[in-house]
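Dear colleague,

Here is the structure I said I would pass on. My notes on its aromatic residues follow below.

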Amino acid sequence: MAESAEISQSTIRNLRVESGAAPARMGARLRSRRRRLAGLLAAGDEVDRYFPVLSVLAPVMTQAEGEITYPGDPMCLYGALSVAVHNAVRDAGPLAASRHYNDLAPRWTRFPSKAYRLAAPSDGYRPATADPNTDQTAFDPRIWDERSRVRWIRLLRQVRPRVVLISAVSPAHRYALEIATLVKTELPRAYVVLGGRHADETIITSPTAITQRSSSPLSVMADGRAPHVIDAIVTGEAYYTLDVLMRALALSMDLVDRWVAPGDVRLMLQHLLAKETPPGKSTILLTRGDDSRVTAFPFHGPQVDLAALPSPYQAFAIRSRFPIFTDPVTDGVLRTAHFMASNSCPYQCNFCSESSLINRLNRFKSDAARRGIERVCEYVGYGAESIFFDDSIFWSGRYADIEEFCRELHKIRQGGYRALPARYRRYFDGEDDMTRLANLQWGAQLTVDTLVSLHGAKESANILALMRQAGCNYVYIGVESMSTQVMDGVHKHLRRKADRPWSLKVHEAVSLVKAEGLRVGTSVLFGLDGETRQSINETIEAVGRLIDEHLIDLASPNILTYHPATPITAQHDMQHKLDYHSPRVDNRKPYTYFEEAFPGVVSVALSEEDIWHIHQETDRRWGTVRNDSSAEQELEPAW
């Protein structure tokens, strides 16, 4: 059940904290309601018990320039929805047989077919259909522009969703608010739920307090910086929490019109949380419109095992195409799935949003390697031709897990379909799937410190060789800066020695990877503490020399932008100055050349002239190795 600890109001005005105590006679009320619903269903031939839902990932870009070329699939949204959608599909069918959504239920009734998955394009837009599969209830605009607005309004008018679920990181928060505003304009009674990294970073729940930062959704709505367009916010490990909230919303709906009665949601959450404790640490916050009242349900359940969750792609088609993975015969870009075996980073770099430690480090636990390979086989069965492991560090940098995973994957790739152990073969239909597994390409992220500080060169070389043997052909490494004066202020240069500067360690790390026949992608971050025009030039030139030595195949220049909970945001005194809510910002060049960069949220160490310089000089010095292609514009009109 929800935590019962005393929780102060702190900076959230009119806060009411609930403990999950069951309201009197709620069971009898719900049984009576279910009987009435059964009667309505029996009386109407065209009446069912489902209500329409749309889920949206708010994009971080306003126009098709810069590194948005490979946005990938919206895995944060897919992951958050995984439990709720899985339970809804499993429970779909006659009311008499339902046990989980045992009343009204979201129109998540069937997963995509294999034929649908294999035919799914890379576009994140799904046109409305009368009987959607679960993938067709998502909207992933990739870029927020007038075309996306038109498409979103059209979807709202066609689907008329009763519930809209929005996920947003901080740079996408302003667009999430605009998406929600359009919902309320078109469908004032629709219930809007917001989640994602921005909510996680700006609303903090502890055993003694719920606090918020000035850029939180609650704060900007309370003081008038944004309209009151969000009805509920979910923070933290939302996998099971969102499932509980969706059931509460279903029980709070009018049986005929299917609109949520906001005043009933609190009672239904109390009823459900009195009987169960959702795994994970999370909070549901209900807002009450213009009076700024907030009701919070914080709870701290058992730790989540990522392997025990339904896979994010169970309900959604693989649509991403990562240009680093190509067909050796046709040169076509491969269908690329994303996979996370862990959800956070074990290190605490002061510039990274994961350094805020807002979530526990969850990962695949018991029998992790084989359960990971089961997930790989599941994705291949869905049509994956390549996989990118999104862990900040592949398998959290645990070499024993990497070795076990790679040895097992290599082993099963060598035999035919009939030689596959049953635990893997159950995801395949036949030899076509086996062929995809045998030809599967994949990539992962490692760090300089993992490769050359925490392990010896021979040990790392052995691991890299096993990765290549198992199908890996790409490793992505965060270089950040090649300037000693900059890296001395970052918690990333571990076990440092005067005779072994960071730039030397970078050279050693990328050399190890290239020596094993793997391609190397790198991320370079400008604007950290100590950054000057001299250090900028030093980094650009040093990375250029690595390119000249054929040690880097892809170099991505990035500008430090402030995330609300990172240490560097506080160190630079920016925590109360961030504007991630204004609907219109002057997002112009050179900012648009860099993902997540907006005026007012980029590093104070950089002037606009510096940003122009970074763009121009990396383009000149790094040439075609720089990751700089513009997103392709589709030619058909939006209406």
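Phe-394 has a relative accessibility of 0% and therefore counts as buried, the cut-off being under 20%. The model is predicted, so please read this and what follows in that light.

Phe-405 is likewise buried, because its relative accessibility is 0%. Trp-442 is buried too, as is Phe-394.

Phe-394 takes part in two ring pairs that I looked at in detail, out of 22 aromatic pairs in the structure. With Phe-405, the ring centres are 6.1 Å apart and the planes stand at 85 degrees; angles over 60 count as edge-to-face, so this pair is edge-to-face. Phe-394 sits in the loop between strand E15 (386–389) and helix H11 (399–414), while Phe-405 belongs to helix H11, eleven residues away.

With Trp-442, the centres of the rings are 5.4 Å apart and the planes are at 40 degrees, so the pair is tilted. Trp-442 lies in strand E16 (residues 441–446) and Phe-394 in the loop between E15 and H11, so this contact ties together parts 48 residues apart in sequence.

Phe-394, Phe-405 and Trp-442 are members of one aromatic cluster, which also includes Tyr-78, Tyr-313, Phe-316, Phe-339, Tyr-379, Phe-389 and Trp-395.

Two arginines also sit over aromatic rings. The charged end of Arg-151 is placed over the ring of Tyr-125, 4.1 Å from the ring centre. Arg-162 lies over the face of Trp-259, and here the distance to the ring centre is 3.9 Å.

Regards

Methods
Residues are numbered from 1 along each chain as its sequence is written. This is a predicted model: local features need pLDDT of at least 70, side-chain atom pairs count only at pLDDT 80 or more; totals for chains, interfaces and linings use all residues. Side-chain values use heavy atoms; hydrogens and water are left out. Rings of Phe, Tyr and Trp (its six-membered ring) pair if their centres lie within 6.5 Å; planes under 30 degrees apart count as stacked, over 60 as edge-to-face and the rest as tilted. Helices (H or I, at least four residues) and strands (E, at least two) are DSSP runs, numbered from the N terminus. Buried means under 20% relative accessible area, exposed over 50%, partly exposed in between (1.4 Å probe, protein chains only). A charge sits over a ring if NZ of Lys or CZ of Arg is within 6 Å of the ring centre and within 35 degrees of the ring normal.
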